[in-house]
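Let's go through this model by asking what stands behind each label. Have a look at the structure first, then we'll start from the surface.

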Amino acid sequence: MPTDKKISGDQAENAACDYLQSQGLTLIERNFLCKRGEIDLIMRQADTTVFVEVRYRRSSQFGSAAESVDWRKQEKLLATAEHYLQSHPKAAKNACRFDVVALTTQNQQHKIDWIVDAFQA
């Protein structure tokens with residue numbers, strides 16, 4: 001039985017994916033998982049592979065959704081992306097970047113903040 005947190009996370013990922021696709025990105029893979037970690041969405045924009053971390057917060061009482069992507073999370077994302085690129089040589093030929101999609105709830109609606117090139121490798 002999925003938890004409320006899992007359901008909220010899945011809804012946030014769906015909203016982020018829909019939003020990014022409406023902005024012209026193409027979904028390659030969801031929830032890429034390896035021993036190093038997980039990447040929520042892997043997308044393509046033109047000739048760029050985009051690794052997307054989706055963060056959802058109901059409240060900013062303990063910091064914003066975007067602020068929760070700290071250096072530890074960034075290191076995990078970098079290691080996971082490296083593994084992905086090693087196992088997908090075609091994608092490794094393209095430029096890549098790391099985006100964050102931060103979602104908050106306002107008046108029972110998702111507010112989406114898309115941070116392009118949120119951090120560098």
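Q: What makes up the exposed surface of the protein chain, and how do you know its size?
A: The chain exposes about 7,500 Å², and carbon and sulfur atoms supply 47% of that. The areas come from the Shrake-Rupley method with a 1.4 Å probe; for residues, only the protein chains shown count as cover.

Q: What ground rules sit behind these values?
A: This is a predicted model, where local features need pLDDT of at least 70 and side-chain atom pairs count only at pLDDT 80 or more, while totals for chains, interfaces and linings use all residues. Residues are numbered from 1 along each chain as its sequence is written, and side-chain values use heavy atoms, with hydrogens and water left out.

Q: How many helices and strands are there, and in what order do they run?
A: There are three helices and five strands, running α-β-β-β-α-α-β-β from the N terminus on. Both kinds are DSSP runs numbered from the N terminus: H or I with at least four residues for a helix, E with at least two for a strand.

Q: Why is the protein chain called as compact as a globular protein of that length?
A: Its radius of gyration is 14 Å, and the globule rule gives 14 Å for 121 residues, so the chain is as compact as a globular protein of that length. The radius is taken over C-alpha atoms, and the rule is 2.2 Å times the number of residues to the power 0.38. Along the principal axes, the C-alpha trace spans about 45 × 30 × 30 Å.

Q: How do you know what span to expect for helix 1?
A: The expected span is 1.5 Å times one less than the number of residues. Helix 1 (residues 4-22) has 19 residues and reaches 27 Å from its first C-alpha to its last, close to the expected 27 Å. After the helix comes Gly24, with a positive phi near 105 degrees.

Q: Which residues of helix 1 are buried, and what covers them?
A: Ser8, Ala12, Glu13, Ala15, Ala16, Cys17 and Leu20 are buried. Their cover includes strand 1 (26-34), strand 2 (37-45), strand 3 (48-57), strand 4 (95-106) and strand 5 (109-119).

Q: Why is Asp99 called buried?
A: Buried means under 20% relative accessible area, exposed over 50%, and partly exposed in between (1.4 Å probe, protein chains only). Asp99 has 1% relative accessibility, so it counts as buried. This residue is in strand 4, and among the residues it touches are Val50, Phe51, Trp114 and Asp117. Touching here means contact, with heavy atoms within 4.5 Å.

Q: Which label does Thr48 get, buried or exposed?
A: Thr48 has a relative accessible area of 18%, so it is buried. It sits in strand 3 and, leaving aside neighbours within four places in sequence, is in contact with Met43, Ala95, Cys96 and Arg97.

Q: What makes Trp71 exposed and Ala66 partly exposed?
A: Trp71, in helix 2, has 53% relative accessibility, so it counts as exposed. Ala66 has 23%, so it counts as partly exposed. Ala66 lies in the loop between strand 3 and helix 2, and its contacts, apart from neighbours within four places in sequence, are Ala102 and Ile115.

Q: How many aromatic pairs are there, and why is Tyr19 with Trp114 called edge-to-face?
A: The structure holds five aromatic pairs. The ring centres of Tyr19 and Trp114 are 6.1 Å apart and the planes are at 85 degrees, so this pair is edge-to-face. Rings of Phe, Tyr and Trp (its six-membered ring) pair if their centres lie within 6.5 Å; planes under 30 degrees apart count as stacked, over 60 as edge-to-face, the rest as tilted. The pair links Tyr19 in helix 1 to Trp114 in strand 5, 95 residues apart.

Q: Why does the pair of Phe51 and Tyr84 get its label?
A: Their ring centres are 5.8 Å apart and their planes at 80 degrees, so the pair is edge-to-face. Phe51 is in strand 3 and Tyr84 in helix 2 (residues 71-87), 33 residues apart. Phe51 is buried at 2%, and Tyr84 is buried at 3%. Ring pairs link Phe32, Phe51, Tyr84, Phe98 and Phe119 into a cluster.
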